[in-house]
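Visitor: I have a structure open and would like to talk it through with you. Could you take me around it?

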Amino acid sequence: MASSRITKRLGVFGGTFDPIHKGHVAVAEAALESLNLNEVMFVVTSDQWLRGNPPQATAEDRFRMVELAVENVLEFIASDVDILREGSTYTVDTLRDLRAQLGDSSELFLIVGADSAISMDRWKEASVIAELATIVAVGRPAEQFDSGLFDNSHPASGAEYVEGPMIDVSATRVRDLFSTGQAVGDLVDEKVSGYIEKRNLYHG
Ligand code: ATP
């Protein structure tokens, strides 16, 4: 039946992106190539935050920075699906919304850093997440990941593993560099650095 054929392999890469950095882009590139994806969608979390450490930049600024960082790559898209939904961001809702928008023609691959994959058993409706998408864990420096070590009930027990380029950068480090006036060098796209400076984000 032509209508039920999968025509697109779509990577779904959720994050706070506060701000997006070169590690994020490298993760998406590695997943795109290793898993033969057609596109990777960068899904920016909302501003609603239940736990500690709320994002410093607004959802609008974080989304704009993601747009700037991915605009030159045809296969990368910025998505505001989590910002438009009211309330806190839960991955299971992201995947449900995307499934409703895209229908059955897309196969979803949820891309997460190894640190996030390890804690996935504590995510809302974790078992449903694993039904809605293939989980792809991408290596992160200093994070050991072996899906074989999880018991079967862990959502990442059947995850695909992509070693990735292991770029040792985090958004926390980037924010610290900006707030102390130090050079960020190549850790962030130039257009993103320009935006941060123009909007005076992350100042100390
Ligand atoms: P923060 O330092 O503010 O916690 P972060 O750099 O981890 O931020 P997030 O937006 O929280 O960035 O991350 C989105 C996703 O990208 C998560 O799944 C995270 O594990 C992954 N990720 C972020 N940086 C890297 C990196 N350098 N290598 C591999 N995965 C990464």
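**Around I6 and S106**

Guide: Setting aside residues within four places in sequence, I6 makes contact with D104, S105, S106 and E107. Keep in mind as we go that this is a predicted model.

Visitor: Where does I6 sit, then?

Guide: I6 is found in the segment before β1, and its C-alpha lies 19 Å from that of A31, a residue 25 places apart from I6 in sequence.

Visitor: Is I6 buried or exposed?

Guide: I6 falls in between and counts as partly exposed, because its relative accessibility is 46% and the partly exposed class runs between the 20% and 50% limits.

Visitor: And S106, what does that one touch?

Guide: S106 lies in strand β4, and, not counting residues up to four places away in sequence, S106 touches I6, K8 and R99. With a relative accessibility of 4%, S106 counts as buried.

Visitor: Let's go inside. Which residues touch the most other members of the largest nonpolar core?

Guide: Those are I20, V40, F42, M65 and I111, in a core that has 39 residues. At least two residues of this core come from each of α1 (22-34), β2 (39-44), α2 (59-70), β4 (106-113), β5 (134-138), α7 (171-179) and α8 (190-199).

Visitor: What is F42 in contact with, away from its sequence neighbours?

Guide: Once neighbours within four places are left aside, the contacts of F42 are F13, F17, I20, H24, A28, V66, V70, F76, I77, A78 and S79. Apart from the core that holds F42 there is another, of 22 residues, including L10, V81, A117 and I135.

Visitor: Now the ligand. Which residues come nearest?

Guide: Of the 21 residues around the ligand, the nearest are G113, D115, I167, A171 and T172. The elements that each supply at least two residues of this shell are β1 (8-15), α1, β4, α5 (114-118) and α7.

Visitor: What is the shell like by class?

Guide: The shell has 11 polar, 7 nonpolar and 3 charged residues.

Visitor: Which atoms of H24, G113 and A171 approach the ligand's oxygens?

Guide: For H24 it is a polar side-chain atom, placed 2.9 Å from an oxygen atom of the ligand. For G113 the approach is made by a backbone N or O atom, 2.9 Å from a ligand oxygen, and for A171 a backbone N or O atom lies 2.8 Å from an oxygen atom of the ligand. As for cover, the ligand on its own has 610 Å² of accessible area, and the protein covers 85% of that.

Visitor: You listed I167 among the nearest. Where is it?

Guide: I167 belongs to the loop between β6 (160-162) and α7. Apart from neighbours within four places in sequence, I167 is in contact with K22, G23, A26 and P141. I167 and K22 are 145 residues apart in sequence, yet their C-alpha atoms are 7.8 Å apart in space.

Visitor: Is I167 buried or exposed?

Guide: I167 is partly exposed, at a relative accessible area of 34%.

Visitor: Switching to backbone geometry, where is there a cis peptide bond?

Guide: The bond that joins D18 and P19 is cis, with omega at about 0 degrees, and P19 is placed in the loop between β1 and α1.

Visitor: Why point that out?

Guide: Most peptide bonds are trans, and most residues other than glycine have a negative phi.

Visitor: Which residues other than glycine have a positive phi, then?

Guide: E125 is one of them, with phi near 50 degrees, and N200 is another, with a positive phi of about 55 degrees. E125 lies in the loop between α5 and α6 (126-132), while N200 lies in the segment after α8.

Visitor: How accessible are E125 and N200?

Guide: E125 is partly exposed, with a relative accessible area of 33%, and N200 also counts as partly exposed, at 48% relative accessibility.

Visitor: One last spot: where is V73?

Guide: V73 is in the loop between α2 and β3 (76-79), and V73 is partly exposed at a relative accessible area of 27%. Its C-alpha atom is separated by 9.8 Å from that of E39, which is 34 residues apart from V73 along the chain.

Conventions: Residues numbered from 1 in each chain as written. Predicted model: local features only at pLDDT ≥ 70, side-chain atom pairs only at ≥ 80, totals over all residues. Heavy atoms only, no water. Core = buried A, V, L, I, M, F, W, Y, C linked by side-chain atoms within 4.5 Å. Buried < 20%, exposed > 50% of the residue type's maximum accessible area, 1.4 Å probe, protein only. Helix = DSSP H or I, 4+ residues; strand = E, 2+ residues; numbered from the N terminus. Contact = heavy atoms within 4.5 Å. Near = heavy atom within 4 Å. Polar contact = N/O pair within 3.5 Å; in protein donor to acceptor, adjacent residues only side chain to side chain. Areas by Shrake-Rupley, 256 points an atom, 1.4 Å probe, with all protein chains shown as cover. Nonpolar A, V, L, I, M, F, W, Y, C, P; charged D, E, K, R; others polar.
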